[in-house]
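Student: Could you teach me how to read the way helices pack in a protein model?
Tutor: Let us look at one together.

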Amino acid sequence: MLLFVILFVIFVPLISYQNRLDTFEVIYVPEVHTKREDHEFQLKVIKDLYEKGYKFVIAMEMFQQGFQGPLDEYIEGKIDEEEMLERTEYRKRWGYDPSLYAPIWRFAREKGIRIYAINAPTELMRKVRTFGLSNIRDHLIPNPVIPHTKDEEENLRRYLRSHPNIDERSFFDGQNTWDNVMALAIVRLLEKHKMVVVFVGAGHVPSLDMGIPRRVNILRPNTRQVILSPK
């Protein structure tokens with residue numbers, strides 16, 4: 001889970017793009033994790049896409065990589081919701097009220113829309129905190145790691161000014177790991193799918209020039225991306 005403040009966000013209203021969403025390969029629908037209205041908007045987006053006949057998959061920060069199997073079995077109707085939550089260790093590794101997201105994964109199951117886990121495993125984050133990101137090599141992290149820009153670092157420092165007890169380097173490493181891991185996961189999904197709808201905390205997508213979108217574009221230049229908002 002994230003320690004991240006949203007300092008500035010550039011979002012595009014859904015209505016501006018409703019008739020040409022097929023021009024995008026990655027559609028970010030960010031959230032404040034506890035804000036039910038954000039999740040209702042996420043559901044609206046995938047319903048609209050489905051009703052218009054778009055072929056897409058959903059990438060969710062709420063599930064950690066390494067637990068794809070139970071997600072697939074849930075979507076395929078082989079296991080029920082509670083077993084999916086138990087086997088993905090959702091409550092332990094994410095922890096937010098499942099009812100916030102249940103309408104999303106229930107709709108995906110009903111319509112056969114695949115959900116992919118894209119978050120960094122807790123075990124990897126523990127290694128980063130212990131040894132530092134520069135000392136970690138893992139198949140989930142781009143090599144070389146994409147560093148923060150000065151603007152991204154300043155964005156993080158603004159948060160730390162009100163949280164002086166947090167170690168700066170550890171905090172920077174953690175945020176950069178999340179952004180790198182999820183960006184690489186999205187790029188890998190684009191090898192198999194034409195459109196990926198990403199549900200992720202708003203702090204990871206403050207603009208197309210920062211966070212996950214910037215790293216996606218470095219790993220896969222000219223990827224067509226958009227960030228949607230309800231207004």
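Student: Is the crossing of α1 and α5 left-handed or right-handed?

Tutor: A crossing is left-handed if the near helix is turned anticlockwise from the far one by less than a right angle, and right-handed if clockwise; the crossing of α1 and α5 is right-handed. This is a predicted model, in which local features need pLDDT of at least 70 and side-chain atom pairs count only at pLDDT 80 or more, while totals for chains, interfaces and linings use all residues. Residues are numbered from 1 along each chain as its sequence is written, and side-chain values use heavy atoms, leaving out hydrogens and water.

Student: At what angle do α1 and α5 pack?

Tutor: Two packed helices are described by the angle between their axes and the distance between the axes. Helix α1 (residues 36–51) and helix α5 (residues 102–111), which are DSSP runs (H or I, at least four residues) numbered from the N terminus, pack at about 15° with their axes 9 Å apart. The axes are lines fitted to C-alpha atoms over the stretch in contact, with angles from 0 to 180 degrees between N-to-C directions. The two helices are therefore roughly parallel, a term for angles under 35 degrees.

Student: Which residues of α1 and α5 meet?

Tutor: With contact meaning heavy atoms within 4.5 Å, H39, Q42, L43, I46, K47 and Y50 in α1 meet P103, I104, F107 and K111 in α5.

Student: Where is M182 found?

Tutor: M182 lies in helix α8 (residues 168–189), and M182 counts as buried because its relative accessibility is 0%, buried being under 20% relative accessible area with a 1.4 Å probe and protein chains only.

Technical notes
Buried < 20%, exposed > 50% of the residue type's maximum accessible area, 1.4 Å probe, protein only. Parallel < 35°, antiparallel > 145°, perpendicular 65-115°, else oblique.
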